[in-house]
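Q: Could you walk me through this structure slowly, with the terms explained along the way?

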Amino acid sequence: PWLTGILSVLWIVTLINSFNMLDNMDGLSGGVAAIAAIVLTLMVLSGPNPEVGSQIFIALLMLVIVGSLFGFLCYNRPPARIFMGDAGSYLVGFWMAIGTLLATYTGTAGQRSHSVIAPLVILAIPLYDTASVVLIRLWEGRSPFDGDQRHFSHRLVELGLSKKQSVWTIYLATAACSISALLLPRVEWQGAIVVVMQTLLILSLICVLE
């Protein structure tokens, strides 16, 4: 229990900061969160014990997030007329953290326990952005909390993409990573290794392109 509590706090803090850091271009943080919430909804509804009340609650919670974000993105897509701000990105990150913590991935008998890695797969891109930015800042001898233009989206723009293309590239990368999480409750550990390897290869491809 004590380890669960520590990991839960770290997960919540990490996702809150991840979606806050991701909120650096119009429509980026909200769109990534919507994609991740859709995949999580599909996972809890099609995974083990979808009839359990807690799973239905998580699905409804995620659908509320998706609907809210779609309504928000109507006005936040480039050129944005309203902005998420810290309060919005913190709320989105908190809801995503709570949703992934409350969801059940392995079934009542604990079968296919490897499915608990699903949140890491679904949220691989926000976590990659946070980790890479923090490492770059530390490498340059700066505080990891200093704001700059070294985020994943900014690095794509430096490579020659427009801001809109950068946002859509991150949307597609998020979908490519997260959609494979739907297989985790349906495969044995060998298949789970393939899912994890696919996610790592996508992130490695991004690193090479950068």
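The chat below goes through aromatic pairs, the core, one helix, some loop residues and the cysteines.

Q: Before we start, what kind of model is this?
A: This is a predicted model, in which local features need pLDDT of at least 70 and side-chain atom pairs count only at pLDDT 80 or more, while totals for chains, interfaces and linings use all residues. Residues are numbered from 1 along each chain as its sequence is written, and side-chain values use heavy atoms, with hydrogens and water left out.

Q: OK, how many aromatic pairs are there?
A: The count comes to two aromatic pairs, where rings of Phe, Tyr and Trp (its six-membered ring) pair if their centres lie within 6.5 Å, and planes under 30 degrees apart count as stacked, over 60 as edge-to-face and the rest as tilted. In one of them, the ring centres of Tyr-128 and Phe-152 are 5.4 Å apart with the planes at 85 degrees, so this pair is edge-to-face.

Q: And where do Tyr-128 and Phe-152 lie?
A: Tyr-128 belongs to helix 6 (residues 124–139) and Phe-152 to helix 7 (residues 152–158), so the pair ties together parts that are 24 residues apart in sequence. Helices here are DSSP runs (H or I, at least four residues), numbered from the N terminus.

Q: Are those two buried or exposed?
A: Tyr-128 and Phe-152 are both buried, where buried means under 20% relative accessible area, exposed over 50%, and partly exposed in between (1.4 Å probe, protein chains only).

Q: Which residues make the other pair?
A: Trp-168 and Tyr-171 do, and because their ring centres are 5.2 Å apart and their planes at 75 degrees, that pair is edge-to-face. Trp-168 and Tyr-171 are three residues apart in helix 8 (residues 163–178), which means about one helical turn separates them.

Q: Switching topic, which residues touch the most others in the largest nonpolar core?
A: Phe-19, Met-96 and Leu-123 touch the most other members of that core, which has 56 residues, and helix 2 (residues 28–46) gives the most to it, with 11 residues. A nonpolar core is a set of buried Ala, Val, Leu, Ile, Met, Phe, Trp, Tyr and Cys residues joined through side-chain atoms within 4.5 Å.

Q: What does Leu-123 touch?
A: Not counting residues up to four places away in sequence, Leu-123 touches Trp-11, Leu-15, Phe-19, Ala-36, Met-96 and Thr-100, with contact meaning heavy atoms within 4.5 Å.

Q: Which residues of helix 4 are buried?
A: Ser-89, Val-92, Gly-93, Met-96, Ala-97, Gly-99 and Thr-100 are buried in helix 4. Seen down the helix axis, the buried residues of helix 4 fall within an arc of 165 degrees, so they line one face of the helix; the arc is that of the directions from the helix axis to the C-beta atoms.

Q: What about the loops, say, where is His-151?
A: His-151 is found in the loop between helix 6 and helix 7, and with a relative accessible area of 6% it is buried. Apart from its neighbours within four places in sequence, His-151 is in contact with Met-21, Asn-24, Asp-129, Val-133 and Arg-137.

Q: Last one, how many disulfides does the structure hold?
A: The structure holds zero disulfides, a disulfide being a pair of cysteine sulfur atoms within 2.5 Å.

Q: Why is there no bond for Cys-177?
A: The closest cysteine sulfur to that of Cys-177 is in Cys-207, and because it is 11 Å away, it is too far for a bond. Cys-177 is buried, at 0% relative accessibility, whereas Cys-74, at 40%, counts as partly exposed.

Methods. Helices (H or I, at least four residues) and strands (E, at least two) are DSSP runs, numbered from the N terminus.
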